[in-house]
Amino acid sequence: MRTVTQPMRPSEPALVDLDERELVEACLGGQAAAFDVIVERHRRAVYLLCYRFVSNHEDASDLSQDVFLRAYRGLRSFRGQSSLATWLYRIGVNVCLNRVSAKKPHSESIADRQFVDARAESASDRLLKDERGTRVRAAIAQLPRKQRVTLVLRMYHEMSHQEIADVLGSSVGAVKANFFHALGNLKKMLGDEAL
Amino acid sequence: MHLQPDELVDLAEGTRAEASAPHLAECAVCRLQLAELRAMMSAAADGDVPEPSPLFWDHFSARVRQAVSAEDAPRRSFWTWPRVVIPVAAVATAVLAVGLTLNTGRADPSVPTVGPAPLAPVASVDLLSDPRSAGDTALTLVAELSSDMDVDTAHEAGLAARGSAEHAITHMNGAELRELQRLLQEELAHSGA
């Protein structure tokens, strides 16, 4: 699927050329526009992560905003030991897990799925894919928390096992074991039709 | 011995060659597990999330910007409130200090001192009776403001330094304080304050 990103208004031409560390420094130095650039670079990934936990646009949007707000508050604590993306994922996972444990995710509505870019697909293919996607997401939502986080970050955010271990504060071995068990549980839930 | 989960994951993801796991060739269970793992990874890839409208992103960035700017406000107010409170507190403390000095400075020397500890000599000057202060409206105002001040207030303000007259006052019992208050009011009445 093609990534849809809108270019943000260039608040300051120099800011968009800065690397992560420099952006954080600029932000801490009082340049609010630097945080806009951080949001622009990571908003899609954060939103998709949140969507996988709550399965609806409204909540995913609210959670994503919360992730960036928390990131802004804690920007001073970002030491650059991991990438900004990994740091944001860590915040995102915590925010999502807190929300998911406090609120049962509601199922997707048709309106939630209306923005799928399916120009290259036929109507029946699209319908079939939509159904499969909905079933898979529903099954993922049933997984134990760590298995779900591991599967989501590995499958859909293409994070390495080491990066996931950094996000979860666990070992690479534990991440691989979680991934293995997540796929096994997914198979049990989806049955043979998924294979 | 069967392959471990992490080994199967590495094989399924292709980060490890099957040739490096000779056990696979002789174990149908592990081969099946590996096949199922690959199939589930392929099936899970269908769980793609629907993309939001392209218009959403600008709206989202604006929302975050608004939330972040609102976040700044309490911080600023947190750092600015002492700028107001501290001067007010300083003025109040000064009023308390001068007021206590004036009141204790007017105590009749003929009145015997009371209290558990010997009082330190009163070093303060009776400013209101000092001819150089005659007509000083600021001093008069301070005297008026502090005339109703009780000892507890002075104590809470931390004004009673050890060894001072104020310190002795704060260590009086209730009866002693009432007597001192009576004497001070009497003295103030005499002076026409």
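Which side chains of chain B and chain A meet in a salt bridge at 3.0 Å, N to O? In this predicted model, the pair is B:Arg65 and A:Asp36. That bridge has company: the rule picks out six salt bridges across the interface of chain B and chain A. Polar contacts turn up there too, with eleven residue pairs, both partners at pLDDT 80 or more.

As for which parts of chain B do the touching, the elements that give two or more residues to the side facing chain A are helix 1 (5-13), helix 3 (28-44) and helix 4 (54-105). Helix 4 of chain B puts in the largest share, 14 residues. Sorted by class, the side of chain B that touches chain A holds 20 nonpolar residues, 13 charged ones and four polar ones.

Now for the interface as a whole. Counting contacts, 37 residues of chain B meet 46 residues of chain A. Interface size is often quoted as the accessible area lost when the parts come together. Here chain B and chain A bury about 4,200 Å² between them, and carbon and sulfur atoms account for 65% of that. On the chain B side, B:Met40, B:Glu51 and B:Trp57 together supply 17% of the area buried against chain A, more than any other three residues.

Stepping back to chain B itself, the fold is built from eight helices, with zero strands. Read from the N terminus, the order of elements is simply α-α-α-α-α-α-α-α. Of the 193 residues in chain B, 30% are buried. Among contacts in chain B with a separation of 6 or more, 54% link residues 24 or more positions apart. The accessible surface of chain B comes to about 11,700 Å², with 61% of it on carbon and sulfur atoms.

Finally, a bit of backbone geometry in chain A. Most residues other than glycine have a negative phi. A:Ser55 goes the other way, with a positive phi of about 60°. This serine belongs to the loop between helix 2 (32-54) and helix 3 (57-73) of chain A. A:Glu158 also has a positive phi, about 50°, without being a glycine, and its place is the loop between helix 6 (145-155) and helix 7 (161-168) of chain A.

Are these two residues buried or exposed? A:Ser55 has a relative accessible area of 8%, so it counts as buried, the cut-off being under 20%. A:Glu158 sits at 69% relative accessibility, and therefore counts as exposed, for which the cut-off is over 50%.

Methods: Residues numbered from 1 in each chain as written. Chains lettered and ligands numbered in written order. Predicted model: local features only at pLDDT ≥ 70, side-chain atom pairs only at ≥ 80, totals over all residues. Heavy atoms only, no water. Contact = heavy atoms within 4.5 Å. Buried area = accessible area lost by both parts, 1.4 Å probe. Salt bridge = Lys/Arg side-chain N within 4 Å of Asp/Glu carboxyl O. Polar contact = N/O pair within 3.5 Å; in protein donor to acceptor, adjacent residues only side chain to side chain. Helix = DSSP H or I, 4+ residues; strand = E, 2+ residues; numbered from the N terminus. Nonpolar A, V, L, I, M, F, W, Y, C, P; charged D, E, K, R; others polar. Buried < 20%, exposed > 50% of the residue type's maximum accessible area, 1.4 Å probe, protein only. Areas by Shrake-Rupley, 256 points an atom, 1.4 Å probe, with all protein chains shown as cover.
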